[in-house]
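Subject: Structure for you to look at

Dear colleague,

I am handing over the structure we talked about, and my notes on what was found in it follow below. Please read them with the model open beside you.

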Amino acid sequence: MDGGDQENMNDKNYKIAVIPGDGTGPEVVKEGLKVLEATAANFGFKYETVNYDFGGERYLKTGEVLPETAVKELSTFDAIFLGAIGHPDVKPGILEKGILLALRFALEQYINLRPVKLYDSRFCPIKDKTPEDIDFVVVRENTEGLYKGMGEFQNKGTKDEIATQISYNTRKGVERCIRYAFDFTRRRNKKKQLTLCGKTNVLTYAFDLWERTFYEVAKEYPDVKTDYAHVDATCMWMVKNPEWFDVIVTDNMFGDIITDLGAMVQGGMGIAAGGNVNPEGVSMFEPIGGSAPKYTDKNVINPLAAICSVSMLLEEIGESKAANSIENSVITVAREKLKTLGAGRMGYSTTEVGDLVVKGL
Ligand code: IPM
Ligand code: MN
């Protein structure tokens, strides 16, 4: 940093919890931290990290998914940076529910924020779409809906078995999510258009509540245009006319599904980042691609999604300029250097991509 540049000095010392997790998680987290370190030096803020070994390995060794003290400890940080959760030797659901979902719920990270932004036309599987066409954000409700875990088996294992899974939606939970989405759309200040994605023609309880709440809250945001699309149609428009979207708000399950589609439209899991946000508390940022066990320790996975998560983390804790500098470097590296965004096909290794982003800051 330029010694005379007092403007950039900032006496903040952030506390960041790091959960590298499983599979390729640790590799991409390492690159994210490399970029964080360089950015902190450039912008003159300080931070400390504390590592937590939650994940499949720890579970296999100790039988514990999340220690009792974890939530209390994590809630003392400014933010959490997570790599990936999911281990091939652990039955699906145990780690996902026991760590990822448990933290989202316990830390009341009621928003899952997932930007869908195309950095270069080459990365888009849809013909003729450019970065101008694909630039929207999904605001996914993150603590209710089908993820609440309500339901039961009846007559389990018999030929009369019935399994129910209930979508749980509270007025307060829906409203705080919708309100966040309106605020976000206003702050983002692009098309200023918020689309509710639901299924009002079939899910006539859950999305009735969502729809009523949406239009009631909308009255407080006359500057934000409102729109509605059923979830199936949303999937269609995301491929056919992604340029129609600015911000989409939806429930937990639909948000999960449409953001994987979003990730593909923006170029794949190698670039897709997300934030589990508690606007009043501690938020957690992660690449959304998962642990990708088959690429583990090969130095081939794309770290850009993890690096973009660091950018989102910095934005959330108030370091917008630092966040932008990371995003700009990622865009340049993706556009000018990488052959593709896929693991093993980038033309560079994981660590080299991290170095390129640092150089481009
Ligand atoms: C995601 C993931 C998780 C989810 C899984 C791993 C539980 O798919 O973050 O989108 O369904 O929310
Ligand atoms: Mn998902």
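Please keep in mind that this is a predicted model. I begin with the ligand, where an oxygen atom of ligand 1 lies 2.7 Å from an N or O atom in the side chain of Arg-104. The side chain of Tyr-147 also offers an N or O atom to an oxygen of ligand 1, at 2.6 Å, and for the side chain of Asp-256 the corresponding distance to an oxygen atom of the ligand is 2.9 Å. Of the 320 Å² of accessible area that ligand 1 has on its own, the protein covers 76%.

The residues around ligand 1 are Glu-96, Leu-100, Arg-104, Arg-114, Arg-140, Tyr-147 and Asp-256, and by character this shell divides into five charged residues, two nonpolar ones and no polar ones. Helix H4, which spans residues 94-106, provides the largest share of the shell, namely three residues. Both domains take part, since at least three residues of the shell come from each of domain 1 (1-110 + 119-129 + 267-272 + 281-286 + 297-361) and domain 2 (135-265). As for its location, ligand 1 sits in the second largest pocket.

A separate point concerns the backbone. Most residues other than glycine have a negative phi. Ala-292, however, has a positive phi of about 40° although it is not a glycine, and this residue lies in the loop between strand E12 (283-287) and helix H9 (304-316). Asp-297, which is found in the loop between E12 and H9, likewise has a positive phi, in this case near 60°.

With best wishes

Definitions and conventions: Residues numbered from 1 in each chain as written. Chains lettered and ligands numbered in written order. Predicted model: local features only at pLDDT ≥ 70, side-chain atom pairs only at ≥ 80, totals over all residues. Heavy atoms only, no water. Near = heavy atom within 4 Å. Polar contact = N/O pair within 3.5 Å; in protein donor to acceptor, adjacent residues only side chain to side chain. Areas by Shrake-Rupley, 256 points an atom, 1.4 Å probe, with all protein chains shown as cover. 1 Å grid on protein atoms, 1.4 Å probe; cavity = no way out; pocket = protein on both sides within 12 Å on 5 of 7 lines; lining within 4 Å. Sits in = over half its atoms within 2 Å of the grid points. Helix = DSSP H or I, 4+ residues; strand = E, 2+ residues; numbered from the N terminus. Nonpolar A, V, L, I, M, F, W, Y, C, P; charged D, E, K, R; others polar. Domains from an automatic or database assignment.
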